[in-house]
Amino acid sequence: MFTQNVHPEFMKMIRWYIGLKNNFSVNSGNYGKYFEKFLPNKMYRQFLKTYPGSNGKDIYSSLKIMCRLFDNAAKEISDNLDFGYSLKESEKVMRYIFKS
C-alpha cells in the first residue's frame with residue numbers, strides 16, 4: 001500500500017513543488033530522476049528517507065518524513081498558487097500520524 005498508493009501521490013506533490021520553484025519550466029524526470037538537481041539539499045536528503053526498508057519501523061519512519069515534506073510543500077504551493085489547503089485538516093492528520 002505504501003509504495004503503490006501513498007508514495008506516488010507524495011511524488012506528485014514534490015513535482016509540483018519543483019515546478020513552483022522553477023516557474024513550471026523544468027522536467028523533474030521520471031521517478032524523481034532530477035529531484036536532486038532541483039530540491040534544496042536538506043529537502044532532498046529527507047526525500048531519500050521516504051524509501052523505507054522492509055520492516056514496519058522503517059516504513060512508519062518513512063511515512064512520518066513523507067508527511068512532513070508533503071505538508072510543507074502543500075502549504076507553500078497553496079500560498080503561492082492560491083489553492084485551498086485546510087490547515088485544520090492538516091493538523092488533524094499530523095496529530096494522528098505522530099501520536100505513536
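**Exercise 1. Ser-28**

Work out whether Ser-28 counts as buried or exposed, and which residues it touches.

*Solution.* Start with the accessibility: Ser-28 sits at 8% relative accessibility, so it counts as buried (buried means under 20% relative accessible area, exposed over 50%, partly exposed in between, with a 1.4 Å probe and protein chains only). This is a predicted model, where local features need pLDDT of at least 70 and side-chain atom pairs count only at pLDDT 80 or more, while totals for chains, interfaces and linings use all residues. Residues are numbered from 1 along each chain as its sequence is written, and side-chain values use heavy atoms, with hydrogens and water left out.

Next, place the residue: Ser-28 is in the loop between helix 1 and helix 2 (helices are DSSP runs of H or I, at least four residues, numbered from the N terminus).

Then list its neighbours. Leaving out residues up to four places away in sequence, Ser-28 touches Arg-15, Ile-18, Lys-33, Tyr-34, Phe-35 and Phe-38 (contact means heavy atoms within 4.5 Å). Finally, check a distance: Ile-14 is 14 residues from Ser-28 in sequence, and their C-alpha atoms are 9.3 Å apart.

**Exercise 2. The core**

Find which residues touch the most other members of the largest nonpolar core.

*Solution.* The core has 24 residues, and Ile-14, Phe-35, Leu-39 and Phe-47 touch the most other members. Helix 1, helix 2 (35-38), helix 3, helix 4 and helix 5 are the elements giving two or more residues to this core. A core here is a set of buried Ala, Val, Leu, Ile, Met, Phe, Trp, Tyr and Cys residues joined through side-chain atoms within 4.5 Å.

Now zoom in on Phe-47: not counting residues up to four places away in sequence, its contacts are Phe-10, Met-11, Phe-35, Leu-39 and Leu-69.

**Exercise 3. Helix 4**

Check what span the 26 residues of helix 4 should have, and what its buried residues pack against.

*Solution.* Expected span is 1.5 Å times one less than the number of residues. For helix 4 (residues 56-81) that gives 38 Å, and the end C-alpha atoms are 36 Å apart, which agrees.

Now the packing: the buried residues of helix 4, including Leu-63, Cys-67 and Ile-77, pack against helix 1 (2-21), helix 3 (41-48) and helix 5 (87-97).

Last, look at what comes after the helix: Asp-82 follows helix 4 and has a positive phi, near 60 degrees.
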